[in-house]
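Student: I've got a model open and a few labels I'd like to understand. Can we go through them together?
Tutor: Sure, have a look at it here.

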Amino acid sequence: MSVLGQLRAAREYMYPTRKTSAFLEKGVLTPEEFVLAGDELVFKCPTWSWECGDPSKSKPYLPKDKQYLVTRTVPCQQRVSSMENTFAMEGDDDEGDWLVSSVVKPRTDEEIEDEFDILDEEGEIIEKQDETGTKPDPDEEEDEYADMDGFNDENVLEDDDAAVVPTTTQSDNLIKVRTYDLSITYDKYYQTPRVWMTGYDEAQQPLTGKQMMEDVISDYANRTVTMEHHPHVAGTQASIHPCQHGKVMKTIVKNLIKASSQGDGDGDEGPSV
């Protein structure tokens, strides 16, 4: 572990454990609230489960059998670098450039033009022509739908048998892609959950830190997402820094309370969170 990593571990060790709830005020959790939220996640999404991790790294403020959450073999088919070259990013900067709210594919001039009608000099809509420069023939369009009453084929079964495509083996239908194991731990210093990722290539060999950063938006790679030592298992993993988690959760809770109050009409009572 690096000197900086040792200092961070010592800082978290020395920091007092939160005993009182401040989720609505600050967006942070106590260890007990983290466990309750984890139980709800496991109940709602059975792909997640609790893990005890390395007993020597067990945290005393968490149950021994509920040290962190994990879900495994999450597929990752495309690299972010290829998506960034294809898509344009659009998003709000209200959260300090911490989140991207949407990804929008740029449209071509032809796609934009297709959304508008073309008018002639008299204001009449001009019918669009196909690529050959000719207008579609209405009679040909009607011919596309044959009269089923006049359709009679005595060899339907033989034709169906002849059209059957040989089935392929199960392995031929599988697309080999990168996969990730995701885990969620409790960060005692920031008093929030912390997300970790470790990846495997198409041959199920561990990815290097550089390879995992290929699956992170370039603005966040090695800044918001960094390689750190996992607190419960050996080795380094990509981790999303939790410094903004409390702020984001506080904003989400504030919006939920506001929306619930508007839905109630009088707004005297807030929702139970």
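Student: What makes the link between the side chains of Gln191 and Arg18 a polar contact?
Tutor: The side chains of Gln191 and Arg18 are joined at 2.8 Å. A polar contact is a pair of N or O atoms within 3.5 Å; within protein, one must be able to donate a hydrogen and the other to accept it, and residues adjacent in sequence count only if both atoms are side-chain atoms. So 2.8 Å falls within the cut-off. Bear in mind that this is a predicted model, where local features need pLDDT of at least 70, side-chain atom pairs count only at pLDDT 80 or more, and totals for chains, interfaces and linings use all residues. Residues are numbered from 1 along each chain as its sequence is written, and side-chain values use heavy atoms, with hydrogens and water left out.

Student: And where does Gln191 sit?
Tutor: Gln191 is in the loop between strand E5 (178-187) and strand E6 (192-200).

Student: Why is Gln191 called buried?
Tutor: Its relative accessibility is 9%, and buried means under 20% relative accessible area (exposed is over 50%, partly exposed in between; 1.4 Å probe, protein chains only). So Gln191 counts as buried.

Student: Why does Gly246 count as buried or exposed?
Tutor: Gly246, in helix H9, has 8% relative accessibility, so Gly246 is buried. Its C-alpha atom is 6.5 Å from that of Thr192, 54 residues apart along the chain.

Student: Why is Lys254 classed as buried or exposed?
Tutor: Lys254 also lies in helix H9, but at 63% relative accessibility it counts as exposed.

How values were computed. Helices (H or I, at least four residues) and strands (E, at least two) are DSSP runs, numbered from the N terminus.
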